[in-house]
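Work through the exercises below with the model open beside you. Try each task before you read its solution.

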Amino acid sequence: MLAERIREGIAAASIDLLGRREPLTITVSIGCATASTGSSDVEAVLKAADEAMYQAKANGRNQVVCKASV
C-alpha cells in the first residue's frame, strides 16, 4: 500500500520548466518483495524485488508489482 501511495504521489506531481508549455510529469515502476518470517536470505528478497520491478515495466510501467514471500 505504501509503494502504491508513493507511485500515485509522484504521478500526480508536475514540474514547471522554463520554455516548456506543458509541465513535466514523472511516473515510476516499483517492485517489492517480502521475506518470510525467520528468513535471512536478503539477496533472495532483493532479487525478487528486482524481478518485480522489471515485471512492472514489462506490464506497461507506472505501476507497483509485489512478489509473495521469499
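The exercises go from the whole chain to single residues, and the model they use is predicted.

**Exercise 1. Describe the fold.**
Task: State how many helices and strands the protein chain has, and in what order they run.

Solution.
Step 1. Count the elements. The protein chain has two helices and four strands.
Step 2. Read from the N terminus. The order is α-β-β-β-α-β.
Step 3. Check the overall spread. The radius of gyration is 16 Å, while the globule rule gives 11 Å for 70 residues, so the protein chain is more spread out than a compact globule.
Step 4. Look at the dimensions. The C-alpha trace spans about 55 × 20 × 15 Å along its principal axes.

**Exercise 2. Take stock of burial and contacts.**
Task: Find what share of the residues of the protein chain is buried, and what share of its contacts links residues 24 or more positions apart.

Solution.
Step 1. Take burial. Of the 70 residues, 17% count as buried.
Step 2. Take the surface. About 5,300 Å² of the protein chain is exposed, and carbon and sulfur atoms supply 54% of that area.
Step 3. Take the contacts. Consider those with a separation of 6 or more: 53% of them join residues 24 or more positions apart.

**Exercise 3. Place Ser29.**
Task: Decide whether Ser29 is buried or exposed, and list what Ser29 touches beyond four places in sequence.

Solution.
Step 1. Locate the residue. Ser29 sits in the loop between β2 (24-25) and β3 (30-33).
Step 2. Apply the cut-off. Buried means under 20% relative accessible area. Ser29 has 18%, so Ser29 is buried.
Step 3. List the partners. Ser29 touches Met53, Ala56, Lys57, Arg61, Asn62 and Gln63.
Step 4. Look for a polar atom pair. A polar atom of the Ser29 side chain lies 3.3 Å from the backbone nitrogen of Asn62.

**Exercise 4. Follow one partner, Ala56.**
Task: Say where Ala56 lies and which residues Ala56 contacts beyond four places in sequence.

Solution.
Step 1. Locate the residue. Ala56 is in helix α2.
Step 2. Check its cover. The relative accessible area of Ala56 is 0%, so Ala56 is buried.
Step 3. List the contacts. They are Ser29, Ile30, Arg61, Gln63 and Val65.
Step 4. Compare sequence with space. Ala56 and Val28 are 28 residues apart in sequence, and their C-alpha atoms are 9.3 Å apart.

**Exercise 5. Examine two backbone angles.**
Task: Find the phi values of Arg61 and Asn62, and the exposure of each residue.

Solution.
Step 1. Recall the usual case. Most residues other than glycine have a negative phi.
Step 2. Read the angles. Phi is near 70° for Arg61. Phi is near 50° for Asn62. Arg61 has a positive value without being glycine, and Asn62 does too.
Step 3. Locate the residues. Arg61 lies in the loop between α2 (42-58) and β4 (64-67). Asn62 lies in the loop between α2 and β4.
Step 4. Sort by exposure. Arg61 has 53% relative accessibility, so Arg61 counts as exposed. Asn62 has 28%, so Asn62 is partly exposed.

**Exercise 6. Find a nonpolar patch.**
Task: Name the residues that form a nonpolar patch with Leu17 on the surface.

Solution.
Step 1. Start from Leu17. Leu17 is in the loop between β1 (14-15) and β2.
Step 2. Check exposure. At 40% relative accessible area, Leu17 is partly exposed.
Step 3. Add the partners. Ile15 and Ile26 complete the patch, and the three residues have about 240 Å² of accessible area together.

Terms used. Residues numbered from 1 in each chain as written. Predicted model: local features only at pLDDT ≥ 70, side-chain atom pairs only at ≥ 80, totals over all residues. Heavy atoms only, no water. Buried < 20%, exposed > 50% of the residue type's maximum accessible area, 1.4 Å probe, protein only. Polar contact = N/O pair within 3.5 Å; in protein donor to acceptor, adjacent residues only side chain to side chain. Contact = heavy atoms within 4.5 Å. Patch = residues over 30% accessible without salt bridge, like charges linked within 9 Å, V, L, I, M, F, W, Y side chains within 5 Å. Areas by Shrake-Rupley, 256 points an atom, 1.4 Å probe, with all protein chains shown as cover. Salt bridge = Lys/Arg side-chain N within 4 Å of Asp/Glu carboxyl O. Rg over C-alpha atoms; globule rule 2.2 N^0.38 Å.
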